[in-house]
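The following exercises practise the reading of a protein model. Please study the sequence and the structure before attempting each task.

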Amino acid sequence: MMFGPCTKDLRHEEPLTKPTSRMWGIRNLRRKAFVVVLVVVGLILLDQIYLHVWLSSPSTQFQRSLHLDDVRQLLRAGQDASVTTILFDPVILDAWNRNSHVEVPGVCIFLCHVVGPLTFAVTAAQLRDKPMFLSRLAQLGFTVTIFENSEGQRSHVFLMRQGSPLHLVVLHMKPADYLRQYALEGPPHNVAQVKQYITKDSWNHMKLDRAYERFSTKDKKIDGVDLTVPSHVDSFLTDHRNSHFLPCNESRAGYYNLKYLKNESPEDTRFKHKAWKLIGKAKVLLDQLNIPFWLSSGTCLGFYRQCDIIAWSKDVDLGIFIEDYKPAIITEFEKRGLRLIAKFGKESDSLELSFKEDEVKLDLFFFYTEGATMWNGGTQARTGKKYKYVFPAFTLCWTEFLELKVRVPCQTEEYIRANYGPSWFTPVTNWDWKTSPPNVRENGVWPEAERSEVIVLKDV
Ligand SMILES: *[C@@H]1O[C@H](CO)[C@@H](O)[C@H](O)[C@H]1NC(C)=O
């Protein structure tokens, strides 16, 4: 009822605003265009101002910035409890590493430029053995929020006091000799509490599982604060960039075993043990040569499907990018008892090396990048026919496979689907490498003149 008269009034005015002549129409159009332009310019300006404010003072969006005193108190609690708190923030370490000569007394140059929380690391063992550490922090006025992984082990700690939060990554030393950082996940109220102080980017970073090489530390003064940092910041940063870790999916493996696993024969068990030893040995040698490798073909399928070696696969398959190839692979492997039994292709095309030890074959497939694909070659020794196995381009992640820290393609399922098709989960025992894989392409024939170079078979 109350809106009745108002709408009526507007209706009355309607005829007045209607253009009465052509001239009126044009003037009106100009006026409209002017208003539209004004609004657009205004919006662009507002956006620029917003962007400027947002970029130049990132901490304003969280209403808090870092207080150096919070950092000092954290370090003090660590000292009191004999817990080493290591500066572990890749962004800050990188900035400091590149500009460590810049030091202005009394000015917080590096630490205070953190966006969101400042990250430190502590080891799980110290956190467990020195319960005084966290209680001391609480005494010093910090609100302590603890996150645990799915197995109930502490994974992350957030500390809130005056300034923006401090974040502790809890590093777990693994028997396979690496440091594991668990993805940040936890009860929704914890997540909500912490999320309001964290940028989306750093949240996405914390959601990843990671693996680090063991590293040593040194003491350094940064912004006037005595900190502990990784001894070799460069190699730490490289390690960090490649630290994404994919845990094996144990529930999938459990389901596979329930559905398909027959009783293992003693022969199966023997083969699996030999294959495992071979992967371990290849890892030591390739690590020494500084050559990154990943689990490929059947070995990768075994990892992804059953977290294990496929007993009937009869060989071990590893992938290496051709850019990382070194002839020293052959000499070093042979020195350690891995006999070269076949060499197919050449560095510029379809290289593949096969070694054998203790009746188990180890294949090294070299991968070539071509546009959005990566492929490795195959050669049929008898006919000289060439094959190409084509994969969508992939990146590499760490995983733990039978207590070995090794790499797998991060896009593991796409990789396996390319190689084995959509029914990769169903075991197949009569696999033919020339015809079975859906990603195999015929790739011509090696010229007669090249055969002796590109098809080398050794009598063993
Ligand atoms: C593990 O595998 C199962 C079955 O394939 C799948 O449903 C589940 O999402 C996987 N878990 C993770 C964390 O990827």
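The model is predicted.

**Exercise 1.** Determine which strands help to cover the buried residues of helix H11.

*Solution.* Step 1: the strands that cover the buried residues of H11 include E11 (315–321), E13 (349–357), E14 (360–370) and E18 (404–409). Step 2: the residues being covered are Phe-271, Ala-275, Leu-278, Ile-279, Ala-282 and Leu-286; a residue counts as buried if 20 or more other C-beta atoms lie within 10 Å of its own.

**Exercise 2.** Compare the span of H11 with its expected value.

*Solution.* Step 1: H11 comprises 23 residues, 266–288. Step 2: at 1.5 Å a residue, a reach of 33 Å is expected. Step 3: from first to last C-alpha, H11 reaches 33 Å, which is close to that expectation. Step 4: just after H11, Asn-290 adopts a positive phi of about 65 degrees.

**Exercise 3.** Describe the setting of strand E11: how many of its residues are buried, and how do its partners run?

*Solution.* Step 1: five of the seven residues of E11 are buried, and the strand is thus mostly covered. Step 2: E10 (residues 294–295) and E11 run antiparallel, joined by two bridges; Leu-295 has Leu-318 as its bridge partner in E11. Step 3: E11 and E14 run parallel and are joined by seven bridges, with Asp-317 opposite Asp-363 in E14.

**Exercise 4.** State what share of the protein chain is buried.

*Solution.* Step 1: the chain has 460 residues. Step 2: buried residues make up 30% of them. Step 3: for the wider setting, the secondary structure of the chain comes to 15 helices and 20 strands.

Definitions and conventions. Residues numbered from 1 in each chain as written. Predicted model: local features only at pLDDT ≥ 70, side-chain atom pairs only at ≥ 80, totals over all residues. Helix = DSSP H or I, 4+ residues; strand = E, 2+ residues; numbered from the N terminus. Expected span 1.5 Å × (residues − 1). Buried ≥ 20, exposed ≤ 12 C-beta atoms within 10 Å, placed from the backbone. Contact = placed C-beta atoms within 7 Å. Pairing = 2+ DSSP bridges.
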